[in-house]
Amino acid sequence: MADLQGIAENLIEGRAPEVAGLVEAALAEEVAPQAILNEGLMVGMDEVGRRFKANEIYIPEVLIAARAMHAGMAVLRPHLAESDAQMSGRVVLGTVEGDLHDIGKNLVGMMLTGAGFEVMDIGVDATADQFKEAVKEHKPHIVGMSALLTTTMMAMSRTVEVLQEAGLSEGVKVIVGGAPVTAAYAEEIGADGYAADAASAVDLARQLVAGE
Ligand code: B1M
């Protein structure tokens with residue numbers, strides 16, 4: 001029987017090889033990649049977040065757990081991505097300036113890739129100008145911004161302004177997400193949409209590309 005709870009427990013303890021091995025074993029047992037993500041890896045990462053918030057663990061433990069999450073996701077990524085090979089649209093994706101959190105952004109990227117989008121990931125701490133240059137270069141249908149800090153989500157607003165000032169917002173839809181971000185904030189800054197999680201980001205991107 002696939003050990004999804006074991007994936008979560010090993011992730012919390014930061015045991016990267018064990019997490020990767022258990023993800024491989026679950027895949028071999030034909031557990032759905034989405035279930036491994038939601039009921040294994042994400043359960044572990046949520047608990048890490050809870051413990052971090054409660055000051056039960058500190059940044060080093062969080063980083064070690066994040067490394068284990070990456071190890072699991074490295075195994076899972078091709079399986080999430082293979083569900084739909086057809087190109088649905090092009091997305092420039094990044095974590096905004098001042099913000100180094102990339103786990104959620106990477107998940108969004110993976111799910112979009114899995115849904116057939118071509119994703120240009122410009123990484124973390126991406127300035128408004130870096131988003132602008134990436135839009136010029138890749139001519140995406142969607143720009144996706146992630147922020148995990150209340151102090152960095154303001155950079156989303158600046159990026160929207162820079163894209164508008166450069167005349168690049170025509171035909172490009174901006175979507176935003178991340179723990180402190182809300183639908184109301186997205187509307188306030190003139191973004192085209194907000195998604196609470198990676199699966200919703202895919203639905204939103206599909207709707208926007210379809211012109212809905
Ligand atoms: Co930091 N951190 N962190 N952290 N960290 C949070 C975010 C925090 C809530 C913890 C807490 O205090 N409870 C808090 C923010 C408080 C606030 O601003 N309100 C915080 C803080 C304060 C900090 C530092 C300032 C700590 C310090 O140095 N004193 C520092 C800042 C560094 C910086 O960015 N400049 C910092 C550092 C770090 C680590 C480096 C140690 C590490 C990041 C490692 C990495 O990403 N490579 C880290 C981590 C791991 C966390 C927590 C524990 C987990 C975040 C995570 O990966 N969650 C987090 C606490 C928490 O969230 N419970 C915390 C799992 C991930 C799958 O979820 O990223 O929310 P999430 O993504 C979701 C959705 O939000 C959504 O979909 C994803 C999948 O469902 N989503 C999108 C995300 N982006 C989207 C984009 C979209 C659509 C949906 O469209 C484009």
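Visitor: In which element, between which strand and which helix, does His 101 lie?
Guide: In this predicted model, the stretch to look at starts after strand 1, residues 89-95. It ends where helix 5, residues 103-114, begins. His 101 lies in the loop between strand 1 and helix 5.

Visitor: Which protein atom is a donor of the cobalt atom of the ligand?
Guide: The cobalt atom has only one donor from the protein. That donor belongs to His 101, the residue in the loop between strand 1 and helix 5. At 2.2 Å from the cobalt, the atom is NE2 of His 101.

Visitor: How are helix 2 and helix 3 oriented to each other?
Guide: The axes of helix 2 (residues 16-28) and helix 3 (residues 33-53) come within 10 Å and cross at roughly 140°. Angles over 145 degrees would count as roughly antiparallel. Helix 2 and helix 3 are therefore oblique.

Visitor: How many residues of the contact of helix 2 with helix 3 are nonpolar, polar and charged?
Guide: Helix 2 contributes Val 19, Val 23, Ala 26 and Leu 27. From helix 3 come Pro 33, Ile 36 and Leu 41. The division is no charged, no polar and 7 nonpolar.

Visitor: Is Ser 146 buried or exposed?
Guide: Ser 146 is part of strand 3, residues 142-146. Beyond its neighbours within four places in sequence, Ser 146 is in contact with Gly 94, Thr 95, Val 96, Lys 105, Met 156 and Gly 177. Buried means under 20% relative accessible area. Ser 146 has a relative accessibility of 8%, so this residue counts as buried.

Key: Residues numbered from 1 in each chain as written. Predicted model: local features only at pLDDT ≥ 70, side-chain atom pairs only at ≥ 80, totals over all residues. Heavy atoms only, no water. Donors = N, O, S within 2.8 Å, 3.2 Å for Na, K, Ca; no water. Helix = DSSP H or I, 4+ residues; strand = E, 2+ residues; numbered from the N terminus. Axes fitted to C-alpha atoms, helices over the stretch in contact; angles between N-to-C directions. Parallel < 35°, antiparallel > 145°, perpendicular 65-115°, else oblique. Contact = heavy atoms within 4.5 Å. Nonpolar A, V, L, I, M, F, W, Y, C, P; charged D, E, K, R; others polar. Buried < 20%, exposed > 50% of the residue type's maximum accessible area, 1.4 Å probe, protein only.
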